[in-house]
Structures are given as C-alpha cells and as structure tokens.
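Work through these short exercises with the sequence and the 3D view at hand. Try each task before you read its solution.

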Amino acid sequence: MWAAGRVRVAEEHRVTAHCTELIEVLLNKFVKAGELRNSLKPKVLLVLADGNYHTIGLRIIEIFLVVKEIPSYVVIPGLPVSEVEKLVMELKPEILGISVSLVPQMESVRALAKKFDKLPKFLRPRIVIGGQAVRRGLTVNPALGIEVMKDFFSLLDSETKIKHRP
Ligand code: B12
C-alpha cells in the first residue's frame with residue numbers, strides 16, 4: 001500500500017509497532033523463551049546488516065528458534081561491523097545470521113566475512129544471509145563463504161543442519 005501511495009510511512013510505522021507487540025506477546029507464551037532468547041551461549045546470533053531498518057523478519061525467526069528450542073541472541077536495530085565482530089568473539093555462536101534488505105548493505109557483510117576468514121576454524125561462525133534482498137534474488141560469490149537462504153527453515157533442512165531438540 002505504501003509503494004502504491006495508499007498509506008503514509010507514519011501508518012506503516014504504526015502497523016510495524018503493532019506487529020512487534022504481537023510478536024512479543026506470542027514469544028512470552030513460551031515458558032522457555034526467557035532462557036532461549038538473548039542466551040549468552042547462543043547457537044545463532046542474528047543481526048541486521050548495517051543500515052537495514054526492516055526488523056520484523058528477525059523477530060519472526062526468533063519465534064521459530066524458540067519453538068525449536070534453539071538458543072539465540074537477536075540484536076535490533078543494526079550494528080556496525082566492529083560491534084558485530086565483538087559480539088561474535090564474546091558469544092561464539094555456531095551461526096551468524098545477517099538480514100539484508102538492500103544490495104548496498106552487502107558491503108558490511110563482505111567486510112565481516114573478510115574479518116572472520118582470518119579466524120581459526122573453531123572460532124569462525126557460519127555466515128548466513130537472508131532477508132528482503134535475498135527474497136528478491138540476491139546472489140553472492142561462493143568464494144566469500146557466505147551462505148544464502150530464503151528462509152530459516154532451510155538451516156534445519158540442510159545437511160549441515162543445526163542440532164535441535166525436537
Ligand atoms: C515494513 C517495511 C518497511 C519499514 C520497516 C519497519 C520495520 N521496523 O521493520 C520501513 C518503513 C522502515 C521501510 C523502509 C524502507 N524500505 Co521497506 N518495506 C517494508 C515491507 C512493507 C514489509 C517488510 C516486512 O517486514 N516483511 C515481513 C518480514 C517477516 O519478511 P522479511 O523481512 O522478508 O523476513 C523473512 C525472510 O526474508 C527471512 N529472513 C529475514 N532476515 C533473514 C536473515 C537470515 C539469516 C535468514 C536465513 C532469513 C531471513 O525470514 C523472515 C521470516 O520469514 C516491504 C514490502 C513487503 N511487502 O514485503 C518493504 C520493502 C522491503 N522495503 C523496500 C524499500 C525499498 C525500503 C526503503 C529503501 C524505502 C525508502 N525509499 O526509504 C527503506 C529502506 C530502509 C532501510 N535502509 O532498510 C523494498 C525493498 C526492495 C529491494 N530489496 O529491492 C520493499 C520490498 C518494498 C518494495 N516493494 O519496494 N520498509
């Protein structure tokens with residue numbers, strides 16, 4: 001509706017705020033959500049690519065991870081590369097998931113991949129990207145070691161799936 005000029009950004013903000021509240025209510029219905037969210041030993045660290053303002057996708061994935069009992073740490077809004085790097089060192093996640101909405105945001109993702117390339121293997125997280133840009137066909141040079149996934153379910157389907165309690 002916004003793209004067609006039928007609603008203003010202010011109305012969109014109101015709807016987004018409403019969705020975020022609903023997601024929070026839903027998440028609080030899970031008894032284990034408290035220990036699984038913002039875990040200090042997360043299997044998955046989820047961040048927005050620097051400059052990405054689309055936050056709802058990561059919140060939806062957070063619900064999915066709680067349901068699957070996979071500990072996670074989700075940071076919203078976006079962070080600069082140096083802060084993501086510090087978080088990875090501190091939390092040592094198996095997977096760093098980055099949400100990308102527009103192609104130019106890939107610059108910060110590539111910078112991160114370059115930094116982590118220098119790390120010893122046991123400290124290096126899998127870097128997975130998803131989000132609106134990926135849904136719209138973004139591809140990445142395989143040499144960069146960045147996995148591209150349209151949705152988070154793919155992680156559980158893939159051969160190198162994350163272990164989760166059923
Ligand atoms: C809401 C919205 C906004 C809001 C966001 C508010 C908020 N707090 O989230 C606001 C107003 C801020 C906004 C701004 C802009 N937006 Co906008 N926005 C949307 C809209 C309407 C919905 C997005 C959404 O929440 N979808 C629902 C969620 C659940 O889906 P999702 O984000 O894709 O996430 C799912 C998957 O992608 C995946 N996923 C997401 N992240 C990750 C990460 C990993 C690791 C994995 C594996 C999977 C994964 O899992 C999620 C759950 O299924 C879409 C249009 C649409 N109908 O989709 C446009 C849209 C995304 N926006 C668009 C644009 C262009 C913009 C602006 C540039 C507009 C402008 N000129 O200012 C700015 C950019 C701001 C920025 N720098 O990011 C375009 C993007 C086009 C593109 N990529 O080529 C879209 C598609 C609209 C359009 N048709 O043009 N936007």
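The exercises below go from the metal to the ligand, its pocket, a cavity and two points of the backbone.

The model is predicted: local features need pLDDT of at least 70, side-chain atom pairs count only at pLDDT 80 or more, and totals for chains, interfaces and linings use all residues. Residues are numbered from 1 along each chain as its sequence is written, and side-chain values use heavy atoms, with hydrogens and water left out.

**Exercise 1. The metal**

Find the protein donor of the cobalt atom of the ligand, and place its residue in the chain.

Step 1. Look for donors (N, O and S atoms within 2.8 Å of the metal, or 3.2 Å for Na, K and Ca; water is not among the atoms, so sites may look incomplete). The protein gives the cobalt atom a single donor, NE2 of His54, at 2.2 Å.

Step 2. Place the residue. His54 is in the loop between S1 and H3. Helices (H or I, at least four residues) and strands (E, at least two) are DSSP runs, numbered from the N terminus.

**Exercise 2. The shell around the ligand**

Describe the residues around the ligand and the polar contacts there.

Step 1. Collect the shell (residues with a heavy atom within 4 Å of the ligand). It has 29 residues, and Gly51, His54, Ser99, Ser101 and Arg135 come nearest.

Step 2. Sort them. The shell has 11 nonpolar, 14 polar and 4 charged residues. Here Ala, Val, Leu, Ile, Met, Phe, Trp, Tyr, Cys and Pro count as nonpolar, Asp, Glu, Lys and Arg as charged, and the others, Gly among them, as polar.

Step 3. Find the main contributor. H3 (56-67) gives the most to the shell, with 4 residues.

Step 4. Check polar contacts (here, pairs of N or O atoms within 3.5 Å). A polar backbone atom of Gly51 is 2.6 Å from a nitrogen atom of the ligand. For Ser101, a backbone N or O atom is 2.6 Å from a ligand nitrogen. Gln132 uses its side chain: an N or O atom there is 3.1 Å from a ligand oxygen.

**Exercise 3. The pocket**

Where does the ligand sit, and what lines that place?

Step 1. Locate the ligand. It sits in the largest pocket (more than half of its atoms lie within 2 Å of the pocket's grid points). On a 1 Å grid over the protein atoms alone, a pocket is an open set of points with protein on both sides within 12 Å along at least five of seven lines; a cavity is a set where a 1.4 Å probe fits but cannot get out; lining residues have an atom within 4 Å of a point.

Step 2. Give the volume (the space filled by probe spheres set on the points, which are joined across faces, edges and corners). The pocket has about 1,000 Å³.

Step 3. Read the lining. There are 33 residues, with His54, Thr55, Ile56, Gly57 and Gln132 nearest the centre. H3 gives the most, with 6 residues.

**Exercise 4. The cavity**

Describe the largest cavity and its lining.

Step 1. Count. The structure holds 1 cavity of 30 Å³ or more. The largest cavity has about 60 Å³ of space.

Step 2. Sort the lining. It has 10 nonpolar, 1 polar and 1 charged residue. H5 gives the largest share, 3 residues.

**Exercise 5. The backbone**

Locate the cis peptide bond and the positive phi of Asn38.

Step 1. The cis bond joins Ile76 and Pro77, with omega about 0°. Pro77 lies in the loop between S2 (72-75) and H4.

Step 2. Asn38 is not a glycine, yet its phi is about 50°. Asn38 is in the loop between H2 (33-36) and S1.

Methods: Polar contact = N/O pair within 3.5 Å; in protein donor to acceptor, adjacent residues only side chain to side chain.
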